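Me: Could you take a close look at one helix of this model for me, and then work outwards to the rest of the chain? Please spell out the cut-offs as you go.

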Amino acid sequence: KSKKVNILITRHDKIGDFITSLPLFYVVKKSNPHAKIYALVSKVNLDLAQQADFIDEVILYDKNYFWLTLRNIRAANISISISAFIDTKIGWMLFLSGIKTRIAPATKLAQLFFNKTLKQRRSLVEKTEVEYNLDLAKLLDEKIDLNYKIPLLKLDNKQQFRSANHLKNKKLVLFHPGYGGSSDGNLALEDYLKLANAVRSVSNIQIIWVFGPDDLDAKDKIKALIPESDIIYHPSTVLDYCYLIRDGELLISTSTGPMHLAGALNIKTVSFFGNNLFASSKRWATVSEANKQLNIEIDKDYQQDLLKKIIDSAIQKLN
């Protein structure tokens, strides 16, 4: 094993998708400590990937610059790639970059570009997305240890948000109603407000409403309906999100990127999922400890008794 091995792991889609692949990066690095682990990620995950101490180098997957991305992969001199998610474009790219061993799920036409594939049929949801990703590591080494350490993301200690807002000893409860993105099951806006009212009654709590670029309509609506004491925050980068979440006590949200960030930081979550297998927590649960998660599947026409249950559980998580 004297020759240095360069291993590329690719997951070139959204924040949540990338975070569900972090355990795969972790176990591959742990079992190949002398290898250099590269990540190929989309722009939204670039800074995030650079924070992970089990990823050595990050390459930007720029879908608009195929040949530039290909050149950057070639320059890294990769001998093995593992792709957690594939399409024809990434298949071509890895094939043309001359990587000898190309591992991927056996899905779609794109599997033709890979020479070690695993039939997964993820749409059956027999496992979580995390477990499907981890299974690909067995094609690299069938005896690989698939255990990983939590939290997967560690940040340095700066607490900018707390000091900027004079919140020294408050418990921060973050609400991310998230009506953009890929949320399938969610509370109605007025029920988020009822939930926030209940949370406010717990002592020493500061509520922060967090919005991403897709949620600005909801932001304007909510702003008019909440007390002055609540804070509205619109992070400008994914890392700003991470620092806020890391300092938080609890994140209450629909199943989108911020929920997965909270999972990677092992923060308590109350999360709402669509009530179908494909969108459920059976597939999209976070990478945090199970006792930190409260995952609730929500029908389009859910009843108020479900809301009461959610309120009780959220208060319990804070006490």
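Reply: Helix α10 is mostly covered, with 8 of its 9 residues buried. Buried here means under 20% relative accessible area, exposed means over 50%, and partly exposed is whatever falls in between (1.4 Å probe, protein chains only). The buried ones in α10 are V238, L239, Y241, C242, Y243, L244, I245 and R246. As for the labels, helices (H or I, at least four residues) and strands (E, at least two) are DSSP runs, numbered from the N terminus.

Before going on, some ground rules. This is a predicted model, so local features need pLDDT of at least 70 and side-chain atom pairs count only at pLDDT 80 or more, while totals for chains, interfaces and linings use all residues. Residues are numbered from 1 along each chain as its sequence is written, and side-chain values use heavy atoms, with hydrogens and water left out.

Now, what does α10 pack into? The largest nonpolar core has 58 residues, and the ones touching the most other members are L22, F25, V28, L48, I55, I208 and L261. Helix α10 (residues 238-246) supplies the largest share of this core, 7 residues. A nonpolar core, by the way, is a set of buried Ala, Val, Leu, Ile, Met, Phe, Trp, Tyr and Cys residues joined through side-chain atoms within 4.5 Å. Take I208: leaving out residues up to four places away in sequence, I208 touches F161, L172, V173, L174, F175, I231, Y233 and L244. Contact means heavy atoms within 4.5 Å. Of those partners, L244 brings us back to α10, where L244 is one of the buried residues. Apart from this core lies another one, of 32 residues, including L189, L193, V199 and F211.

Step past the end of the helix and you reach E249, in the loop between α10 and β10 (250-254). E249 counts as partly exposed because its relative accessibility is 25%. Setting aside residues up to four places away in sequence, E249 touches K171, L172, I267, K268 and L318. L172 is a shared partner, since L172 also touches I208. L306, on the other hand, is 57 residues from E249 in sequence and 23 Å away, C-alpha to C-alpha.

Two serines are worth a look elsewhere. S81 sits in strand β4 (residues 80-83) and is buried, because its relative accessible area is 0%. Beyond four places in sequence, S81 is in contact with L8, L94, I99, T101, R102 and I103. S21 is in the loop between α1 (15-19) and α2 (22-31), and S21 is buried as well, with a relative accessible area of 0%. Outside its neighbours within four places in sequence, S21 contacts R11, A84 and N133. The C-alpha atoms of S21 and D62 are 41 residues apart along the chain and separated by 19 Å.

Other loop residues sit out in the open. S203, in the loop between α8 (189-200) and β8 (205-210), is exposed, with a relative accessible area of 61%. Its C-alpha atom is 36 Å from that of N276, 73 residues apart along the chain.

If you like checking backbone angles, try these. R121 has a phi near 50°, a positive value in a residue other than glycine, and R121 counts as exposed at 54% relative accessibility. H166, also not a glycine, has a positive phi of about 50°; H166 lies in the loop between α7 and β7 (171-176) and counts as exposed at 70%. There's a cis peptide bond too, joining I150 and P151, with omega about 0°. P151 is in the loop between α6 (129-135) and α7 (160-164).

Zooming out, the protein chain has 13 helices and 12 strands, and buried residues make up 56% of its 319 residues. Residues 24 or more positions apart account for 60% of the contacts with a separation of 6 or more. With 319 residues, a compact globule would have a radius of gyration near 20 Å, and the chain's 21 Å agrees. That radius is taken over C-alpha atoms, and the globule rule is 2.2 Å times the number of residues to the power 0.38. The C-alpha atoms fill a box of roughly 60 × 40 × 35 Å along the principal axes.
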